[in-house]
Amino acid sequence: MRSNMLELMDIFVHVVEFRSFTRAADALQLHRPAVSKSVQQLEDKLGVKLLHRTTRSLSMTVEGEEIYQRAKTLLSDASDIMASYSSNQRPRGQLRIDVPLALAHSILIPQLSEFQALYPEIEIVLTASDRLTHLITEGVDCVIRLGELADSNFISRRMGSLQMVTCAAPSYLDQYGMPLTPDDLKDHKAIYFFNEHSRDLQEWKFVMNGEIVSRHPGSSVRVNNSDVLLSCGVAGLGMLHALYTALKPCLETGQLKEVLSDYATVTKPVSILYPDRRYLPPKVRVFIEWFTEIFRKNHQG
């Protein structure tokens with residue numbers, strides 16, 4: 001009966017993700033009536049309605065959303081347990097990762113072919129954004145985060161930190177001049193990053209006379225995307241204080257010019273988070289180990 005329940009849950013998950021009984025049936029190589037009957041059986045066994053069905057649309061009920069999320073976790077764990085205890089099987093399956101845009105461009109993507117060569121049976125599902133992601137509701141296996149972390153129910157591993165750099169486009173410096181100390185920033189304009197959960201401006205932190213100080217140049221533009229942040233900086237709209245690894249290509253080509261290089265900046269912590277489970281799926285474990293080593297070797301601030 002339990003095996004049958006897993007099969008029914010697997011069919012239900014396919015229907016939800018394909019948003020169609022027909023497409024789910026094709027993916028599972030089953031007849032459409034069999035798929036529809038399986039979902040009905042699951043609803044009968046659970047005693048709740050899982051889907052709202054019309055001739056044109058398919059949507060989950062509140063109960064269906066909860067069952068979908070829990071079924072995905074259960075099916076993933078079952079698959080990973082079978083793989084981990086089979087001596088001839090390697091980590092496999094879909095691995096869902098969420099990474100800030102700046103780190104996706106500068107660190108993860110350039111190295112990802114190495115991970116694929118090591119684990120060819122793992123399919124990477126990569127979301128790269130600068131918004132906060134909820135691991136459970138969005139079905140993400142692990143996320144990489146910048147900055148200090150708020151308290152949460154997730155396990156976090158601090159991988160290290162990344163160097164920050166202050167810079168501006170030559171066109172901006174020609175117009176506004178070169179700041180010589182962090183105190184000079186009060187006479188300059190800045191491009192700031194924000195996210196949807198906080199409108200607080202990022203602190204620009206420097207070491208002056210052995211102490212950490214924060215400076216806040218006047219805001220010229222505020223953006224919620226690190227790619228847009230970089231574009232605005234190159235366009236000369238204001239000064240930037242951002243990850244060196246993300247700005248390095250533009251610094252090397254001269255599109256941006258470093259300022260205040262005599263003053264050390266406070267590095268940005270980098271962490272990886274994953275759900276608090278007693279059993280960590282092999283696909284997640286090997287990715288965390290691999291990315292931590294890549295970071296340690298090449299990108300430690």
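This is a short walk through one predicted chain, from its overall layout to two helices.

Let me start with the whole chain. It has 301 residues, and 43% of them count as buried. The secondary structure comes to nine helices and 14 strands. Now the contacts. Take those with a separation of 6 or more. Residues 24 or more positions apart account for 74% of them.

Next, the cores. In general, nonpolar side chains tend to be buried together in soluble globular proteins. Here, the largest nonpolar core has 30 residues. Which residues have the most contacts inside it? They are L95, L103, F115, I144, F287, W290 and F291. Seven elements each supply at least two residues of this core: β3, α5, β4, β5, β6, β14 and α9. Helix α9 gives the most, with eight residues.

Look at F115 in particular. Leave out residues up to four places away in sequence. F115 then touches L95, I122, I124, V286, F287 and W290. There is another core, and it lies apart from the largest one. That other core has 19 residues, including V15, A24, V35 and L75.

Stay with α9 for a moment. It spans residues 282-298, and K283 lies in it. Does K283 have a salt bridge, or none? None, and yet K283 is buried. The nearest side chain of opposite charge is D141, 4.3 Å away. A salt bridge here needs a distance within 4 Å. K283 does have a polar partner on the backbone. The oxygen of Q94 lies 2.6 Å from a polar atom of the K283 side chain.

Now the second helix, α7, residues 226-234. Which of its residues are buried? S226, L229, C232 and G233. Seen down the axis of α7, these buried residues fall within an arc of 115°, so they line one face of the helix. As a reminder, an α-helix has 3.6 residues a turn, so residues three or four places apart point the same way.

What does that buried set pack against? The partners are α5, β8, β11 and β12. So α5 turns up twice: α5 supplies residues to the largest core, and the buried residues of α7 pack against it.

Finally, the ends of α7. N225 caps the N-terminal end. One of its side-chain oxygens lies 2.7 Å from the backbone nitrogen of D227. After the helix comes G236, with a positive phi, near 80°.

That is the tour.

Technical notes
Residues are numbered from 1 along each chain as its sequence is written. This is a predicted model: local features need pLDDT of at least 70, side-chain atom pairs count only at pLDDT 80 or more; totals for chains, interfaces and linings use all residues. Side-chain values use heavy atoms; hydrogens and water are left out. Helices (H or I, at least four residues) and strands (E, at least two) are DSSP runs, numbered from the N terminus. Buried means under 20% relative accessible area, exposed over 50%, partly exposed in between (1.4 Å probe, protein chains only). Lys and Arg count as positive and Asp and Glu as negative; His and the chain ends are not counted. A polar contact is a pair of N or O atoms within 3.5 Å; within protein, one must be able to donate a hydrogen and the other to accept it, and residues adjacent in sequence count only if both atoms are side-chain atoms. A nonpolar core is a set of buried Ala, Val, Leu, Ile, Met, Phe, Trp, Tyr and Cys residues joined through side-chain atoms within 4.5 Å. Contact means heavy atoms within 4.5 Å. The arc is that of the directions from the helix axis to the C-beta atoms.
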